[in-house]
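This report describes the fold, the core and selected local features of one protein chain. The sequence and the structure are shown first, and the description follows.

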Amino acid sequence: ADVAWRLAPSGRLGVFAGRALGAGQVVERCYCLPLDASAVPSRRLRRWLHRVCPGHPLLLPLGWGLLYNEAPSRGGAPNLTCEYEESADLQGYLQWSINLRTNRDVAAGEELRASRRPCSESGEPLQDMLGQALEATRAELEAEATRSPRSSIEAGLEQLSSLVEVDPASVHIGGQPLSADMYADVDMGSVHPPRDIEVRPSPVHGNGVFARQPLPQDTIVEIAPNLLVMRDWFGQSLADYCYQAFEPDCGARKLALGYGSIYNHSEEPNLRYCVATATGMGCAPAQRISTRYYTVRDVDAGEELFIHYGGAWWESRAF
């Protein structure tokens with residue numbers, strides 16, 4: 001694979017080149033959700049969004065766009081350039097994407113780093129957003145449990161701990177052993193993006209996810225990272241994309257990255273999804289909160305992939 005999401009020697013997560021990459025190579029094209037800065041209450045999250053220029057919305061990149069760290073203020077410069085792209089979907093609505101392109105030759109194993117902020121802004125480089133968000137969510141739940149103990153908060157903390165505080169000797173996903181083609185390293189601590197699916201304009205709605213080649217039944221098409229946040233961090237700006245993280249509801253939400261937030265809904269889906277708990281030596285807590293998407297029947301090349309959003313999703317939106 002061209003890139004892998006894994007732990008750095010420093011102990012934080014980052015995206016690394018899986019092979020040597022030439023200058024000018026597009027590493028990833030990330031579909032983006034445009035957000036109004038005033039509608040995102042959490043300053044922590046606003047800092048991670050891309051600013052194109054004044055007067056434009058902030059961009060929340062899907063795919064792996066949030067997994068790339070910034071270059072350190074000393075001793076390094078970004079080796080990825082962000083190219084912003086506008087296009088219209090099949091219904092004529094404007095869509096945003098970010099092309100992450102190498103600005104020099106990159107050696108195999110080198111970390112890939114981008115920049116989200118204007119050069120005039122100061123501050124520490126942004127690192128490991130998913131890990132930071134997980135710890136911030138845990139801290140907020142713990143504080144809420146102290147202020148106003150409730151069974152839902154305690155249950156959420158217990159479920160969160162069961163996901164991220166596991167026996168490092170075990171290696172499973174959805175109750176089954178992880179396959180070598182999904183996790184490259186012996187310690188199962190390196191995640192690769194999907195190869196057999198792609199984002200294209202959908203005749204159903206906006207963009208969708210399509211099979212690039214035939215996919216037999218029970219094929220795992222993607223293991224999507226999840227951003228764990230509290231309900232009020234994004235306000236209502238991402239209400240249609242976030243799912244309740246734990247049962248009963250403690251206020252924590254999951255935002256599926258990868259292609260997880262791009263799949264369209266169908267009453268007869270060709271994909272199903274479940275919690276994918278990845279564990280093992282070299283696997284960070286933030287990697288253990290992922291979602292597995294797999295085919296429930298044979299899928300033809302070029303066919304759009306659909307999931308069922310679930311009754312609770314529709315009920316919460318009064319449809």
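## A cis peptide bond in a loop

Pro-248 lies in the loop that runs between β14 (242–244) and β15 (252–256). The peptide bond leading into this residue, from Glu-247 to Pro-248, is cis, and its omega is near 0 degrees. The model under discussion is a predicted one.

## Overall composition

The chain has 319 residues, of which 49% count as buried. Its secondary structure comprises four helices and 19 strands.

Contacts across long stretches of sequence are prominent in the count: among contacts in the chain with a separation of 6 or more, 72% are between residues 24 or more positions apart. Several individual examples of such pairs are described further below.

## The nonpolar core

In soluble globular proteins, nonpolar side chains tend to be buried together. In this model, the largest nonpolar core has 78 residues, and those with the most contacts inside it are Leu-112, Leu-227, Phe-234 and Tyr-263. Helix α2, which spans residues 129–147, gives the most to this core, contributing seven residues. Both domain 1 (3–124) and domain 2 (132–316) take part, with at least three residues drawn from each.

The surroundings of Leu-112 illustrate the packing in detail. Leaving aside residues up to four places away in sequence, Leu-112 touches Val-3, Val-15, Phe-16, Ala-17, Leu-21 and Val-27, and also Tyr-68, Asn-69, Asn-79, Leu-80 and Val-106.

## Packing of helices α2 and α3

Helix α2 pairs with helix α3 (residues 151–164): their axes come within 9 Å and cross at roughly 150 degrees. Angles over 145 degrees count as roughly antiparallel, and α2 and α3 are therefore roughly antiparallel to each other. The handedness of their crossing is left-handed.

On the α2 side, the residues that meet α3 are Leu-134, Arg-138, Leu-141, Glu-142, Glu-144 and Ala-145. Their counterparts in α3 are Ile-153, Leu-157, Leu-160, Ser-161 and Val-164.

Glu-140 is also found in helix α2. This residue is partly exposed, at 27% relative accessibility. Apart from neighbours within four places in sequence, Glu-140 is in contact with Met-230, Asp-232 and Trp-233. The C-alpha atoms of Glu-140 and Ala-252 are separated by 9.6 Å, although the two residues are 112 residues apart along the chain.

## Positive phi values at two aspartates

Two residues other than glycine with positive phi may be set side by side. For Asp-128, phi is near 50 degrees, and for Asp-218, phi is near 70 degrees. Asp-128 is placed in the loop between β9 (113–114) and α2, whereas Asp-218 belongs to the loop between β12 (207–211) and β13 (220–230).

Are these residues buried or exposed? Asp-128 counts as buried because its relative accessibility is 15%, below the 20% limit. Asp-218 is exposed, with a relative accessible area of 55%.

## Thr-295 and its surroundings

Thr-295 is part of strand β18 (residues 290–295). With a relative accessible area of 0%, Thr-295 is buried. Not counting residues up to four places away in sequence, the residues touched by Thr-295 are Leu-215, Pro-216, Gln-217, Asp-218, Thr-219, Val-221, Asn-270 and Leu-271. One of these, Asp-218, is the exposed aspartate described above.

A further relation links Thr-295 to Ile-220: the two are 75 residues apart along the chain, while 6.7 Å separates their C-alpha atoms.

## Loop residues paired across the sequence

Arg-19 occupies the loop between β2 (13–17) and β3 (26–35). Its relative accessible area of 38% makes Arg-19 partly exposed. Arg-19 and Ala-108 are 89 residues apart in sequence, yet their C-alpha atoms are 4.1 Å apart in space.

Pro-203 is situated in the loop between β11 (197–201) and β12. Pro-203 is exposed, with a relative accessible area of 62%. The contacts of Pro-203, with residues up to four places away in sequence left out, are to Leu-90, Gln-91, Phe-210 and Glu-304. Of these, Glu-304 is 101 residues from Pro-203 in sequence and 9.5 Å from it in space, C-alpha to C-alpha.

Notes:
Residues are numbered from 1 along each chain as its sequence is written. This is a predicted model: local features need pLDDT of at least 70, side-chain atom pairs count only at pLDDT 80 or more; totals for chains, interfaces and linings use all residues. Side-chain values use heavy atoms; hydrogens and water are left out. A nonpolar core is a set of buried Ala, Val, Leu, Ile, Met, Phe, Trp, Tyr and Cys residues joined through side-chain atoms within 4.5 Å. Buried means under 20% relative accessible area, exposed over 50%, partly exposed in between (1.4 Å probe, protein chains only). Domain bounds come from an automatic or database domain assignment. Contact means heavy atoms within 4.5 Å. Axes are lines fitted to C-alpha atoms, for helices over the stretch in contact, and angles run from 0 to 180 degrees between N-to-C directions. Angles under 35 degrees count as roughly parallel, over 145 as roughly antiparallel, 65 to 115 as roughly perpendicular and the rest as oblique. A crossing is left-handed if the near helix is turned anticlockwise from the far one by less than a right angle, and right-handed if clockwise.
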